[in-house]
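Got your viewer open? Here is a walk through the structure, one selection at a time.

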Amino acid sequence: MTRVSPLKGGSTQSTKMREKTLVALAALCSVVGVIVLCLSSAAVKPRQVELSTVSQEAGRVVEVYGTVGELRFSGGHAFVKLVGESGDWVEVPLFSRVRSGVGELEVGDRMRVRGKAGTYKDKPQVVPSSASDVKIYRTHPVRFDQLGACLNQYVKIEGTVKRVYQTASQKCLILTLENSGTAKVFLPFVPRVELQGLRVRACGQVQEYKGELEVAVACEAGLRIMDA
Amino acid sequence: MLDLLLYCLLGIALGTFCGLLPGVHPNNMIPVAVGMTAALSLDPLRAAMLVVSMGISNIFISYIPSTFLGVPDEGTALSVLPAHRLVREGRGRHVIRITGAGCLLGLLFGLALLPLFLLLGGRAYDLLKGYVAWVLLAIAALMVLTERSPGRMGWAVAVFLLSGLLGLVSLSGRLSSGDAALIPLFTGLFGLSTLLLGLGGGNRLPPQWEGEEEIRINPKVLGVGGSIGAFMGMLPAVGPAQSTVMAQLATQSKTTEDFLLCVSEVNLLKVFYSFVLLYLIGRARTGVAAAVQQLVEVNPSTLALMVGASLLAGGIATVLLLWLGRSASRFIPRLPYRLFLLLISCWVVGLTLWSCGLVGLPILATATAIGLLPPKVGVKRVHCMGVLMLPVILSHL
């Protein structure tokens, strides 16, 4: 049933529209809206922030960049301490479903992470929700003669364990690696295997101790035995 | 992506809920929603999509209480009297269709105008921003000159100044915090005064006609109203009311249908373009935009997301408006209307107490008294918008 609107004045240049047309237009509008949302959501990039400001961005999705300083594994999950150039750090928990898609990870690798910023037990953290939020930039072992130029940086070195010293507390080891020269590696733990003569990769921060350079490995994941 | 859609749908549900509550503006509910998203550590981008969808859908749905109950907010204030007149003729559903079409077509017109606005909007604002006070004064003078006799013009000036003085006192921040006073101000000027006048009418609304009247769309009104609405939205304190009056002057259109179409289009565009203005000039011109500004940095990508959320919310809200409007048109005429209006009056008084505390009551009473003047002396209610315009004019002089 149609009735012509007898409204005051009567418009002369008007186009008529029925309710059905309005509903169809509304449906079209919604579909266009969904398409625009789909297309633009892919283009939205999170804000890149410094590691030092992550705790101020709580709740926001941010992107951070840094070096893997420490790596711990627990119950299928991996917990990365991501360290910035100025020494600031955040924790990046890679829960099992994320970790499985990330691939191999080593201390000293560079990492770009997109995730929700927040704090856990007063520690700043960025939590990626999928493996695609994590990008790893692998780094190669440096030569021993390059260590001087890498002071305070995280590096990887490779060599054969020539000597093993145990510290006075008997809780730490100092290794001497040989590979076209020698380099010292400090381990704050005692590995379960006998290291003497094995080829290993040590990943840690270059530091100076009593006038000598050494690579300080911070966690067990920082020492890899390369020999089978 | 799916989670963005879910947040949009949640926003539409919240916007619909707020829209159905007489006198409740999304500005009152959005801080609650934003607070909840912060407490739950939700991603601010998703929270922004919720807020955008809530704001857009609310514009559509708020035409139900403003049409059938005569309780408006800033955006629907001007539509109340013509809409309510048609409800008294049993044509409430037609009003719902017109306002739904106005909002939806406004959204689509806004989308079409967007490239031009992005190109020219920033430059236009740079030109205007030094003359805000004078532009607002010119608009106020133009509104007064639309009255037909010197006597009415005098009353128009009086209503403008009285509303403006009330706005100055209420919005200074001394009586209530922030924008809380907007509820008693707008409820009094446009809502409670209309409700009181409605109490003098019949005890029941006439049954609303169930058949379909075709919606007349005047492209000239749509185009001119949309363009004026989009560009006038840059100015602070210029709302849909002033833009509609200017569009009517420009198009010389005098039909009620054109008026309702224009006011609903301009009302929607005010909110939609406030997101665009966030990107262009970095200033929030609506409460919804202010909330978005707190949540996310507006860049081309987030603006595109907001446009998508607005289109999705607009499409769904149109269907909801038609559906809920049909239910309201069947349900409300069965109620004892006077008793219902009394209950609604108590509700808005309660809302005033909730938002402003006891200090809201004298603001509400004064605003209601001023709001009763225009229909009694035969001038347009748009002069009551002096409540926002005068404080802004004085602050920019």
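Which residue takes a positive phi in the hairpin of E11(A) and E12(A)? Select that hairpin and look at the 3 residues between the strands: Ser180(A) is the one, with a phi near 45°. Keep in mind as you go that this is a predicted model.

**Stop one: around E11(A)**

Stay with the two strands you have just picked. E11(A), residues 173–178, pairs with E12(A), residues 182–187, in the antiparallel sense, over 6 bridges. For a landmark in this pairing, find Leu175(A), which stands opposite Val185(A) in E12(A).

Now add E10(A), residues 154–166, which pairs with E11(A) over 6 bridges, also in the antiparallel sense. Here Thr160(A) stands opposite Glu178(A). These two strands form a hairpin as well, with 6 residues between them. Click on Gln170(A) in that turn and you'll find a positive phi of about 65°.

Next, show the side chains of E11(A) and compare its faces. Leu173(A), Leu175(A) and Leu177(A) make up the covered face. Ile174(A), Thr176(A) and Glu178(A) lie on the uncovered one.

**Stop two: the whole of chain A**

Zoom out and select chain A, whose secondary structure comes to 2 helices and 15 strands. Its radius of gyration is 29 Å, well over the 17 Å that the globule rule gives for 228 residues, so chain A is more spread out than a compact globule. Turn it along its principal axes and the C-alpha trace spans about 100 × 35 × 35 Å. Colour by burial and 32% of the 228 residues come up as buried. Of the contacts in chain A with a separation of 6 or more, 56% are between residues 24 or more positions apart.

**Stop three: two domains**

Give separate colours to residues 47–137, domain 1 of chain A, and 144–225, domain 2 of chain A, following the domain assignment. Their centres, taken over C-alpha atoms, are 25 Å apart. Where they touch, domain 1 gives 10 residues and domain 2 gives 9. On the domain 1 side, pick strand E4(A), residues 61–74: the largest share, 6 residues, comes from there. By class, that side of domain 1 has 4 nonpolar, 3 polar and 3 charged residues.

**Stop four: over to chain B**

Switch to chain B, with 17 helices and 2 strands. The radius of gyration here is 20 Å, close to the 21 Å that the globule rule gives for 397 residues, so chain B is as compact as a globular protein of that length. Its C-alpha atoms fill a box of roughly 50 × 50 × 45 Å along the principal axes. Burial colouring marks 61% of the 397 residues of chain B as buried. Among its contacts between residues at least 6 apart in sequence, 81% join residues at least 24 apart.

**Last stop: where the chains meet**

Show both chains and select the contact between them: 47 residues from chain B and 42 from chain A. Elements giving two or more residues to the chain B side include helix H1 (2–20), helix H6 (92–128) and helix H12 (256–280) of chain B. What gives the largest share of that side? Highlight H14(B), which contributes 15 residues. The chain B side divides into 23 nonpolar, 13 polar and 11 charged residues.

Finish on the strands that cross between chains. E2(A), residues 15–17, is joined to E2(B) by 3 bridges, and the two run antiparallel. To see one of the pairs, pick Thr15(A), whose bridge partner in E2(B) is Ile217(B).

Methods:
Residues numbered from 1 in each chain as written. Chains lettered and ligands numbered in written order. Predicted model: local features only at pLDDT ≥ 70, side-chain atom pairs only at ≥ 80, totals over all residues. Contact = placed C-beta atoms within 7 Å. Helix = DSSP H or I, 4+ residues; strand = E, 2+ residues; numbered from the N terminus. Nonpolar A, V, L, I, M, F, W, Y, C, P; charged D, E, K, R; others polar. Pairing = 2+ DSSP bridges. Rg over C-alpha atoms; globule rule 2.2 N^0.38 Å. Buried ≥ 20, exposed ≤ 12 C-beta atoms within 10 Å, placed from the backbone. Domains from an automatic or database assignment.
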